[in-house]
Amino acid sequence: MYTMRPAEFEYHRPSTLDEAIGLLGAEGARPLAGGHSLLPAMKLRLATPASLVDIGRVPGLDGIERENGTLRIGALATHASVAASELVRSSCPGLADTAARIGDPQVRNRGTIGGSLANADPGADYPTTVQALAATIVVHGPDGERELSADDFLVDVFETALRPGELVTSVRIPAAAGSAYEKHRHPASGYAVVGVAAVVAVENGRCSRARVTVGGATASPVNAEAAAEALTGVEPTEDAIAAAAARVAEAVTSPLGDVYASGEYRSHLAGVLARRALTTAFRRAVG
Ligand code: FAD
């Protein structure tokens with residue numbers, strides 16, 4: 001029956017990481033971060049956890065720091081804090097773009113980067129950018145710490161490589177001045193119908209590195225390898241960017257389709273958004 005009331009559950013609020021990991025070992029336990037995906041799912045009874053382990057007060061899971069050339073973003077960093085961070089805006093503007101375009105102010109003030117990645121919604125924004133930036137997801141579980149590349153972490157629709165009882169604790173992102181994110185928002189939810197992240201570097205006037213990742217169009221984000229290859233070693237002129245963007249749709253095999261946007265339309269959008277994201281990323285890369 002449609003009640004908008006969750007099934008009964010136990011609630012725990014651990015104050016250390018070890019305590020949280022211990023509680024997550026129980027049958028049916030789920031971590032709770034910002035609650036902006038999990039609580040609606042519980043109200044609709046799409047999720048019926050036996051217990052919630054609220055990680056909101058576990059020390060060491062928040063914060064945004066720069067360690068040499070890498071940003072370390074704690075799993076509990078909210079979308080609003082990432083969008084507002086001067087450190088993120090200056091060293092990785094594509095990530096700030098992404099956070100700023102998630103949902104609405106309420107969602108951005110509560111939702112967290114760790115929760116978004118662990119949820120792996122195909123319409124979510126962070127997975128696309130984090131994959132384009134070749135980020136490392138740091139996770140903790142009963143067997144200690146593991147590090148996974150974003151490509152390995154994001155497996156399928158609502159599926160990650162997290163093992164039972166594991167928590168995302170932080171995300172490590174190589175700084176990338178030449179980064180940008182563009183999305184076509186779903187008019188009702190704000191989620192990405194399609195989102196494209198571009199990460200580029202320029203040396204001596206030529207593109208020395210490019211990565212273009214498309215989200216929202218397939219079960220999990222895909223890297224548009226042909227587009228990246230078309231740019232590497234060439235001068236990033238408008239024509240070169242347009243030619244590369246025209247090859248982005250090649251990566252979108254078996255696109256998702258629904259009543260709002262067909263698979264064909266999503267493939268088309270991927271090319272349009274890639275052109276915009278690449279143009280901004282190259283402009284930022286050359287300062
Ligand atoms: P929660 O809801 O607390 O948890 C989500 C899932 O992740 C649960 O399964 C939980 O157990 C697990 N989890 C949480 N934290 C961790 C962790 N550290 N380690 C392991 N597992 C963990 N998202 C977008 O990307 N773009 C949008 O435009 C967008 N629009 C939205 C609009 C609305 C109206 C709403 C309600 C949500 C929207 N969202 C959007 C989703 C939002 O960004 C969520 O906040 C986010 O997806 C989940 O983060 P959370 O911290 O709220 O996680």
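A polar contact is taken here as a pair of N or O atoms within 3.5 Å; within protein, one atom must be able to donate a hydrogen and the other to accept it, and residues adjacent in sequence count only if both atoms are side-chain atoms. The structure is a predicted model, in which local features need pLDDT of at least 70 and side-chain atom pairs count only at pLDDT 80 or more, whereas totals for chains, interfaces and linings use all residues. Residues are numbered from 1 along each chain as its sequence is written, and side-chain values use heavy atoms, with hydrogens and water left out.

Polar contacts to the ligand involve backbone atoms of several residues. A polar backbone atom of Val168 is placed 2.8 Å from a nitrogen atom of the ligand. Oxygen atoms of the ligand are approached by a backbone N or O atom of Gly34, at 2.8 Å, and by one of Gly103, at 2.9 Å. The ligand is surrounded by 30 residues (a heavy atom within 4 Å of the ligand), of which Pro31, Gly35, Leu38, Thr112 and Asp125 come nearest.

The domain assignment, with bounds from an automatic or database source, divides the protein into domain 1 (10-54), domain 2 (64-174) and domain 3 (179-285). The C-alpha centres of domain 1 and domain 2 are 19 Å apart. In this pair, 9 residues of domain 1 contact 12 residues of domain 2 (heavy atoms within 4.5 Å).

The buried area, defined as the accessible area (1.4 Å probe) that two parts lose on being put together, summed over both, is about 870 Å² between domain 1 and domain 2, with 75% given by carbon and sulfur atoms. Leu17, Ile21 and His36 supply 50% of the area that domain 1 buries against domain 2, more than any other three residues. Helix 1 (residues 17-24; a DSSP run of H or I, at least four residues, numbered from the N terminus) contributes 4 residues, the largest share of the side of domain 1 that touches domain 2. Across this interface of domain 1 and domain 2, 1 residue pair is in polar contact, both residues being at pLDDT 80 or more.

Note on methods. Helices (H or I, at least four residues) and strands (E, at least two) are DSSP runs, numbered from the N terminus.
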